[in-house]
Amino acid sequence: YRIGYNKIIQASAAHARTVMHEAQQQQQLAYTVLLILTTGSTKDILEAKQTIESVSNEPVSIIFVKMDGDNNNSGGGGSSRSDTWDDVKLDVQLTRNGCRSFCSFLQTSQFSNPRRNSQGL
């Protein structure tokens, strides 16, 4: 079963709005961070571009983390080896469109430590 990024992003933005409104009534602030861990294709994120743009004024930040792993067990929605976050220039596109910088893209392979891995630690 696949929900899709659009519904998750829209639900998170609605939640962020509600929490912020409640906090303001108590003269406080609130902010939401949506962390999406995925093995999906970067194509899926590009398809969610309009939704991401539509929530750019909400009190929410979005962080996509592409998890490395065996893509053969991803139910058909996995990414290929050539499908990297370098393909996603969405953060640049959003900024050019006047949106604030609130969406980040990370890949777990960016954080591997070759020296530590070669020692088996």
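**View 1. The largest nonpolar core takes in 16 residues.** This is a predicted model, and a good place to start looking is the set of residues with the most contacts inside that core: Y5, I9, I36, I52, I62 and F64. Who chips in? Helix α1 (5-25) and the strands β1 (32-38), β2 and β3 each supply at least two residues of the core. The largest share, four residues, comes from α1. As a bit of background, nonpolar side chains tend to be buried together in soluble globular proteins.

**View 2. A closer look at I9 and what it touches.** Leaving aside residues up to four places away in sequence, I9 touches L34, I36, A48, T51, I52, V55, I62 and F64. Some of these names should ring a bell: I36, I52, I62 and F64 are, like I9, among the residues with the most contacts inside the core.

**View 3. Strands β2 and β3, lined up in parallel.** Strand β2 covers residues 60-66, and five bridges link it with β3 in the parallel sense. One pair to pick out is K66 and its bridge partner in β3, Q107. Now turn to β3 itself, residues 103-107. Which residues sit on its covered face, and which on the uncovered one? C103, F105 and Q107 make up the covered face, while S104 and L106 are on the uncovered one.

**View 4. E58, a loop residue paired up with R17.** You'll find E58 in the loop between α3 (49-54) and β2. Is E58 buried or exposed? E58 counts as buried because its relative accessible area is 18%, and the cut-off for buried is under 20%. Its side chain meets that of R17 in a polar contact of 2.8 Å.

Methods
Residues are numbered from 1 along each chain as its sequence is written. This is a predicted model: local features need pLDDT of at least 70, side-chain atom pairs count only at pLDDT 80 or more; totals for chains, interfaces and linings use all residues. Side-chain values use heavy atoms; hydrogens and water are left out. Buried means under 20% relative accessible area, exposed over 50%, partly exposed in between (1.4 Å probe, protein chains only). Two strands pair if DSSP finds at least two bridges between them. A nonpolar core is a set of buried Ala, Val, Leu, Ile, Met, Phe, Trp, Tyr and Cys residues joined through side-chain atoms within 4.5 Å. Contact means heavy atoms within 4.5 Å. A polar contact is a pair of N or O atoms within 3.5 Å; within protein, one must be able to donate a hydrogen and the other to accept it, and residues adjacent in sequence count only if both atoms are side-chain atoms.
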